[in-house]
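Trainee: Could you walk me through this one slowly? I would like to learn how to read it piece by piece.

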Amino acid sequence: MRARTRGTLSVPAAALGVLLAASACSAPGDSSSDDAGSSGPIKIAVVDAQSGQLASLGDWEAKGAKLAVKEWNKKGGINGRKIKLTVFDDQGDPTTGTNIARKLDSGNYVAMIGTAESAVTVAMAPILKQAEIPNITSGQATALVDVKSPFLFLNGPTSTTYDSTLADYLVATKKFKKIAMISNNGSYGKGEHDAFTAALKKAGITPVTDQVVTTDQKDFSASLSRIRQSKPDAIFLGSEEVEAGLIVKQARDLGITAPFAGAAPQGTPVFIETAGAKNAENTIVSSPYLSNEISDASRAFATAYKAEYGKDAELHGAKAYDGTNIMLTALKNSGMATGKKLADEIRATKYQGLLGDFAYDETGVGIFKTTIGIIKDGKLSAAQ
Amino acid sequence: MQVTLQTLVGGLSLGAIYALIAVGFSVVYRTMGLVNFAHADVAMIGAYACSTFYLTSHVPFAAAIVISIVVTGIIGLIIERVLRPLENKDFDLMLIGTIGFGTVLQAAATLIWGTTGRAMPSPITSGPLEIMGIRIRTYDLMVIAITAVSVVLLTLFLQRTKPGAAMQAVAMDHEAATAVGIHVGRSNALAFAIGAGIAALAGSLAGPMLYVDATLGGALGVKGFAAAMLGGFGSIPGAVVGGLAIGVLDSYAGDHFQGYSVLVTFLVFTAAIMIRPTGIFGERTVSRA
């Protein structure tokens with residue numbers, strides 16, 4: 001049978017290729033134009049998952065970046081040149097990411113916004129460093145800092161900042177002694193697990209139980225039963241939005257009433273919706289962007305965001321909005337510099353953003369503070 | 001002991017979903033000898049369709065499931081119709097075709113429903129039952145009951161009705177079946193539609209337990225496929241036993257091996273398949289090509 005089909009196999013293979021191309025891949029940036037320097041639109045790339053499991057993260061980030069660029073273009077762009085934003089779909093996959101990184105190099109992109117996934121950003125970093133393309137990521141893993149690329153910047157705090165603030169609140173403010181942990185073994189969960197464990201250790205606390213789940217696990221009965229037996233005062237949650245939501249939902253069904261505590265994902269609507277608002281009640285969240293009502297700037301951003309997309313703004317959109325604004329400010333201040341000069345300009349840029357006052361250090365981190373929020377009536381608001 | 005039993009309960013409820021997915025795989029396989037790789041993505045479409053009618057149009061949950069079964073049943077018919085010219089001619093092409101359909105369905109879901117998925121609240125509001133410290137969600141009980149009923153109905157259909165018997169006959173010998181006047185194409189179409197309908201049922205039921213997005217098929221498909229293999233591909237009781245076994249195995253692996261549970265689940269699965277390549281209820285394999 002094999003011999004018979006060999007001749008025709010190229011046809012289905014080609015057909016499949018067409019199908020894949022039509023469905024999965026986004027349009028690549030046109031690589032012919034040679035306009036990085038002087039004229040034509042300024043080419044900036046947004047690289048994020050637009051399909052796959054992390055698509056919602058990527059969608060939020062792309063929305064924030066697009067909004068910032070739209071506002072700049074409305075005001076006439078930079079030095080009379082429009083900014084052209086192209087969105088690339090990395091599918092949350094590091095390999096796809098590195099391919100895109102090469103594409104950015106050959107396509108003469110000046111800068112890159114993204115990705116929301118630390119693992120993908122880390123994978124892309126060496127190529128972007130070699131190509132001298134500055135990159136502002138939404139990732140927060142400490143691994144990003146360990147890369148030591150002068151072209152890599154974060155648009156928010158690292159896990160260490162998130163989790164030391166959180167641990168401090170739980171131990172010093174709330175006087176919790178019995179803290180249970182559940183985190184996943186993915187790049188985000190592992191980073192959170194390590195950062196929070198270190199912060200707890202500093203506070204002199206050992207977790208009563210430390211459960212690790214996988215990133216695609218759906219049933220958490222075993223881990224949650226063990227957590228229930230340990231009777232914790234609070235449960236640390238190191239997992240992305242959807243999985244964290246499922247964990248909380250199942251925990252409440254098992255009769256666990258202790259509050260959950262976590263970082264950025266636990267402040268998102270997806271988490272609250274997945275868990276169910278009632279189940280997510282009292283979740284303690286460490287975040288640099290608690291709500292759209294914190295300041296005039298955040299209110300203005302949220303209004304513009306709502307007008308553009310018909311949806312409520314949230315942390316990831318705000319982060320990308322800040323990051324894109326920093327990138328564009330640096331481009332403007334440097335008189336459209338590229339490469340190393342642009343990176344140096346970003347490092348020198350002081351920017352008052354939605355997340356706080358950005359001031360980059362050598363490691364590419366510009367924000368070192370988060371605040372504690374609590375979910376009440378299905379909404380995140382500042383802890384009193 | 002409490003942890004052990006609670007883990008069992010958790011494993012069984014997801015296992016019921018895997019069992020339904022595996023049953024869908026088996027219905028198509030036993031009739032056509034074809035593994036439908038688009039199957040799990042059909043389940044994903046079913047979950048989306050159900051959530052749309054349930055959440056947006058506020059149709060009762062049961063009615064939303066029925067509508068989504070009809071929707072995917074039609075998708076099943078379309079897939080079969082497109083693949084029909086290849087039947088008994090080019091088997092590899094048919095397989096690749098089903099993979100292509102899966103990709104198309106995922107892309108279609110992203111186009112229609114966007115990149116962000118949706119959470120479905122449970123249609124049953126009553127709290128979990130508590131038996132000796134073990135908590136059992138009422139929704140899980142409902143899922144297990146629906147799975148049981150649909151498997152019984154399917155078995156009755158295959159054994160007691162004329163179209164069911166025709167499907168069995170085609171599975172055994174399609175040339176002889178054609179000779180006695182059975183329309184093989186129609187029989188295959190029916191198998192595809194039933195398989196797709198069961199996929200939608202599984203997807204719809206999984207919605208409130210999980211999260212509905214374009215990758216839901218990936219999460220259900222691998223386990224469902226493994227369940228069908230473990231039970232013996234093509235066997236309906238095998239699919240049920242395999243599904244429950246994979247669910248429970250997964251649950252216990254999660255307890256004892258935590259972050260390495262996926263590895264352990266599939267190592268055990270591989271070992272089981274090596275010891276008994278045809279699966280627990282392995283029948284002779286259907287191979288048409």
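**A helix and a sheet**

Mentor: Let us begin with helix α5 (residues 118-131) of chain A, which has 14 residues and reaches 19 Å from its first C-alpha to its last, close to the 20 Å expected at 1.5 Å a residue. Please keep in mind that this is a predicted model.

Trainee: Okay, and where does α5(A) bend?

Mentor: The bend, of about 40°, is at A125(A), and a proline, P126(A), follows within four residues.

Trainee: Which residues of α5(A) are buried?

Mentor: They are S118(A), V120(A), T121(A), M124(A), A125(A), I127(A) and L128(A), so the residue at the bend, A125(A), is among them.

Trainee: And what do those buried residues pack against?

Mentor: Their partners in chain A include the strands β1 (42-48) and β3 (111-114), together with the helices α4 (94-106) and α6 (142-146).

Trainee: Switching to the sheet, in what order do the strands come?

Mentor: Seven strands of chain A form an open sheet with mixed pairing, in the order β7-β6-β8-β9-β10-β13-β14, and the edge strands, each pairing on one side only, are β7 (209-213) and β14 (379-382) of chain A.

Trainee: How many bridges join β6(A) to β7(A)?

Mentor: Five bridges join β6 (residues 179-184) of chain A to β7(A), and the two run parallel; in one of the pairings, N184(A) has V213(A) of β7(A) as its bridge partner.

Trainee: Which helix packs on the sheet there?

Mentor: Helix α8 (residues 187-202) of chain A does, touching β6, β7 and β8 (234-238) of chain A, and its direction makes about 155° with that of β6(A).

Technical notes. Residues are numbered from 1 along each chain as its sequence is written. Chains are lettered from A and ligands numbered from 1 in the order in which they are written. This is a predicted model: local features need pLDDT of at least 70, side-chain atom pairs count only at pLDDT 80 or more; totals for chains, interfaces and linings use all residues. Side-chain values use heavy atoms; hydrogens and water are left out. Two strands pair if DSSP finds at least two bridges between them. Contact means heavy atoms within 4.5 Å. Axes are lines fitted to C-alpha atoms, for helices over the stretch in contact, and angles run from 0 to 180 degrees between N-to-C directions. The expected span of a helix is 1.5 Å times one less than its number of residues. The bend at a residue is the angle between axes fitted to the seven residues ending there and the seven starting there. Buried means under 20% relative accessible area, exposed over 50%, partly exposed in between (1.4 Å probe, protein chains only).
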